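Student: I'm new to this one. Can you walk me through how to read it?

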There are 2 protein chains.
Amino acid sequence: MKRRSTPTKEAVISVLNASNKAMSQDAIEHKIEIEIDRATIYRVLNQFCEDGIVHKIIADDGKQYFAICKKCDDQKLPDNHFHFRCSSCQTIECLPALVHFSVPESYKVERFNCILIGKCKDCS
Amino acid sequence: MKRRSTPTKEAVISVLNASNKAMSQDAIEHKIEIEIDRATIYRVLNQFCEDGIVHKIIADDGKQYFAICKKCDDQKLPDNHFHFRCSSCQTIECLPALVHFSVPESYKVERFNCILIGKCKDCS
DNA sequence: TTATTATTGCAACTTAATCGCAATAATAAT
DNA sequence: ATTATTATTGCGATTAAGTTGCAATAATAA
């Protein structure tokens with residue numbers, strides 16, 4: 001499916017670019033000036049994920065968060081670092097720390113979703 | 001609140017003990033012989049989590065999974081290891097590998113939720 | 001045996017996310 | 001420019017996970 005550039009996509013990208021945090025659909029919707037439907041935002045975000053422009057984090061609240069991470073562009077995995085959720089200010093951000101692990105014989109790891117929860121630098 | 005022992009609690013514990021995997025409320029309900037309400041199972045599971053008998057994992061599908069992990073009884077954190085979700089058989093299990101990380105200055109980590117996704121030993 | 005209160009089932013509710021479909025609009029073709 | 005193609009959007013409905021209030025039930029203490 002060929003992609004088209006639309007005001008919605010530009011608005012979403014621009015909000016994510018302006019943020020150094022991962023954002024939920026809800027947070028993105030509130031940050032955008034123009035009115036965009038919830039379903040549309042999800043569709044656009046998921047498309048960005050498919051295209052590798054954005055990565056999705058499932059936080060320990062079970063919700064989806066989306067981020068443009070400048071640091072991890074050149075990495076093999078699109079999203080190979082830890083994420084941090086602050087239990088005070090409820091924000092989620094990418095950490096520089098990469099995830100390292102070893103798995104038992106004959107397990108194959110395709111991707112991962114690793115969140116640390118605690119107090120961020122502004123809240124501790 | 002003092003705890004009482006009930007058939008529901010015994011059934012849930014017994015199912016989790018018999019499993020070497022983490023289980024969702026739904027999976028637990030289907031495995032139990034007697035009929036138990038969804039809300040009750042959640043309440044019992046969350047109580048077990050509070051009491052440190054069971055630990056809860058939020059998988060990358062956003063759903064809650066519960067496990068009794070024999071390995072991590074004596075650890076400082078109740079749940080300080082990686083979890084693995086098999087993208088073929090959809091099971092989630094505790095891995096022996098502990099989570100190691102470093103965070104930037106002045107971040108305080110309280111707990112974490114780390115999942116690796118891929119093919120388990122039976123499916124690879 | 002009775003009293004206390006933790007537990008349960010039921011129904012209703014909340015929230016996140018998805019989906020089908022018709023209308024709209026970005027791009028390609030003429 | 002104009003038209004045709006089809007990706008995108010908004011709307012409404014829907015699904016699914018999980019929670020909550022409340023009255024009835026049952027485990028434990030008295």
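Tutor: We'll go from the two chains to the DNA contacts and then to a hairpin. Keep in mind that this is a predicted model.

Student: How do I read the relation between chain A and chain B, in terms of a turn and a shift?

Tutor: In general, two copies of a chain are related by a rotation about an axis and a shift along it. Here, a turn of 180° with a shift of 0.0 Å along the axis lays chain A on chain B, with an RMSD of 0.1 Å. That is the relation of a two-fold axis.

Student: And through which surface do the copies meet?

Tutor: Through the same surface, because 100% of the interface residues of chain A are also interface residues in chain B.

Student: On to the DNA. Which residues come nearest to DNA strand C?

Tutor: There are 25 residues around DNA strand C, and those that come nearest are Tyr42(A) and Gln64(A), plus Thr6(B), Thr8(B) and Lys9(B). Sorted by class, the surface near the strand has 12 charged, seven polar and six nonpolar residues.

Student: Which helices supply that surface?

Tutor: α3 (38-50) of chain A, along with α1 (7-18) and α3 (38-50) of chain B, each give at least two residues. The largest share, six residues, comes from α3(B).

Student: Which parts of DNA strand C lie within 4 Å of the protein?

Tutor: Of the strand's atoms within 4 Å of the protein, 65% belong to sugar or phosphate, and the rest to bases. You can see both kinds in single atom pairs. On the phosphate side, a polar backbone atom of Gln64(A) is 2.6 Å from a phosphate oxygen, and a polar side-chain atom of Thr40(B) lies 2.9 Å from a phosphate oxygen. On the base side, a polar side-chain atom of Arg4(A) is 3.0 Å from a base nitrogen.

Student: Where does Thr6(B) lie in its chain?

Tutor: Thr6(B) is in the segment before α1 of chain B. It counts as partly exposed because its relative accessibility is 27%. Its C-alpha atom is 29 Å from that of Ala59(B), which is 53 residues away along the chain.

Student: Last one: how do β1 and β2 of chain B run, parallel or antiparallel?

Tutor: First the general idea: in a regular strand the side chains alternate between the two faces of the sheet. In chain B, β1 (residues 55-58) and β2 (residues 64-67) run antiparallel, joined by four bridges. Ile57(B), for one, has Tyr65(B) as its bridge partner in β2(B). The two strands form a hairpin with five residues between them, and Gly62(B) in the turn has a positive phi of about 85°.

Methods. Residues numbered from 1 in each chain as written. Chains lettered and ligands numbered in written order. Predicted model: local features only at pLDDT ≥ 70, side-chain atom pairs only at ≥ 80, totals over all residues. Heavy atoms only, no water. Near = heavy atom within 4 Å. Polar contact = N/O pair within 3.5 Å; in protein donor to acceptor, adjacent residues only side chain to side chain. Nonpolar A, V, L, I, M, F, W, Y, C, P; charged D, E, K, R; others polar. Pairing = 2+ DSSP bridges. Least-squares fit on C-alpha atoms with pLDDT ≥ 70 in both. Contact = heavy atoms within 4.5 Å. Buried < 20%, exposed > 50% of the residue type's maximum accessible area, 1.4 Å probe, protein only.
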